[in-house]
Amino acid sequence: GHCRLLCKPSALAQHLVRSLGRSAALRGGRWPWLRWPQLQMLWQLLQPPESEPVVARELLQLPDSGVVALDWLVGPWGAAGGGGGVSSPVLLLIPNAAGKVTGGLLQLGLRALERGFIPVIFNRRGHNGCPLTTPRLQPFGDPRDLREAVTYLRCRHPSASLLAVSEGSGSGLLLAYLGESGSSSRLAAAACLSPIFRGRDWFEAGMPWLYEWPLLLHLKQGLSRYAGALAEVVDMDRLLGSRSLRELEETLFCRTRSRPTSWECYWERNEPLRDADEAAVPVLCLCSADDPVRGPPGQSLPRELFRSSPYFFLLLTPHGGHCGFPRRRPGRCWAHEAVLEYFRAMAEFLRTEERRKGLPRPR
């Protein structure tokens, strides 16, 4: 399907090339008229999931009394896990940085549920109806809350493989977590759909108004619910009057009343790839060359990272837009099938390596 896999040569890379090469998800089937990335993105965002999922919410209290929400997808069948057993792999779904749970992310969760995974959506503080119990939101690349959620999932499913997939700007959180955690991430594999690799450059460049203004409105609507609590730490008039995502991010996290900081210092602590060299978990990044949100591939894709690190794999396609990747067959998004095939191939490779080396399975 004209996709290219950019990675450092290794046994894992060869296995991944063979597995994806056999996958029907990458054998074309795209709609010829959907070569415009704007149409691809709008089509994917406006389409509801094929089946309305049933979600069971669980609130997780954090050490500072903050709260994040875990939404377990139990499917339209009313049975938790869609038939998955106690050792079924747990798939952690991370929405974009605005907390918008798109129809595409729900569809990926349902596809995973049908294949025996246990999908769960991670909702940040104050996002997607999660209560804001402290006057603090989660910065762009601060993985502390995600680390607490991963620890909880590992305790709840100790014998299951833990996987993670992120969508769009939410990949900044996942990439930061993998870099900070290194070999202690507790994840077996991860994937990023249309990730934002360079957070500061992305905020400073801005997006076309067709994408930025709806996202900005969505963020302001969510923040206005907590205007009373947030007024203690930020200037709400300035926040709700922001005319760009950069202005909103800077007001919310840099121009605080208690701990103001500079834009440069903020990104030193929140750049997604700041500790990428420490990552020790295989990560598949699915990107489109015509992504109108991420920006031109020559400036926004860290190709050297994929050439030098044995853990990062870039699957680059010429058309697909931002989190679109449409196709005509059931499922609507071929990237979802590619991600699930990637996770299957990773599990197969790890089992083969364990048998070859005679290593005991981790407890």
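Let's start with D71, which counts as buried because its relative accessibility is just 5%. Keep in mind as you look around that this is a predicted model. What does the side chain of D71 meet? It meets the side chain of R57 in a salt bridge, 2.7 Å from N to O. The two residues sit 14 places apart in the chain, with D71 in strand β3 (residues 67-73) and R57 in strand β2 (residues 55-61). R57 isn't hidden like its partner: at 37% relative accessibility, R57 counts as partly exposed.

If salt bridges are new to you, here's the basic idea: side chains of opposite charge can pair when their charged atoms come close. A search of the whole structure turns up 20 salt bridges. Another one joins E250 and R255, at 3.8 Å from N to O. E250 is buried, with a relative accessible area of 16%, while R255 comes out as partly exposed at 42%. Then there's D291 with R294, whose closest N and O atoms are 3.7 Å apart. Here D291 and R294 are both buried. You can also pick out a network of salt bridges that links D64, R125, R136, D142, R144 and D145.

Now for the greasy parts. The largest nonpolar core is made of 39 residues, and L92 and L178 have the most contacts inside it. Helix α5 (residues 171-181) gives the most to this core, namely five residues. Have a look around L92: leaving out residues up to four places away in sequence, L92 touches V120, F122, L146, V150, L153, L163, A164 and V165. There's also a second, separate core of 37 residues, and F117, I121, F313 and A335 are among them.

Nonpolar residues turn up on the surface too. W209, L210 and W213 form a nonpolar patch there, with about 370 Å² of accessible area together. W209 lies in helix α7 (residues 209-224), and W209 counts as exposed because its relative accessibility is 64%.

Finally, the cysteines. A disulfide is a covalent bond between the sulfur atoms of two cysteines. How many disulfides does a search of the whole structure find? Zero. Take C254: its nearest cysteine sulfur, in C265, is 8.8 Å away. C254 is buried too, with a relative accessible area of 2%. What about C285? Its sulfur is 4.5 Å from the closest cysteine sulfur, in C192, so the two are too far apart for a bond. C285 is buried as well, with a relative accessible area of 0%.

Notes:
Residues are numbered from 1 along each chain as its sequence is written. This is a predicted model: local features need pLDDT of at least 70, side-chain atom pairs count only at pLDDT 80 or more; totals for chains, interfaces and linings use all residues. Side-chain values use heavy atoms; hydrogens and water are left out. A nonpolar core is a set of buried Ala, Val, Leu, Ile, Met, Phe, Trp, Tyr and Cys residues joined through side-chain atoms within 4.5 Å. Buried means under 20% relative accessible area, exposed over 50%, partly exposed in between (1.4 Å probe, protein chains only). Helices (H or I, at least four residues) and strands (E, at least two) are DSSP runs, numbered from the N terminus. Contact means heavy atoms within 4.5 Å. Patches are made of residues with over 30% relative accessible area and no salt bridge: like charges are joined within 9 Å, nonpolar side chains (Val, Leu, Ile, Met, Phe, Trp, Tyr) within 5 Å. Accessible areas come from the Shrake-Rupley method with a 1.4 Å probe; for residues, only the protein chains shown count as cover. A salt bridge is a side-chain nitrogen of Lys or Arg within 4 Å of a carboxyl oxygen of Asp or Glu. A disulfide is a pair of cysteine sulfur atoms within 2.5 Å.
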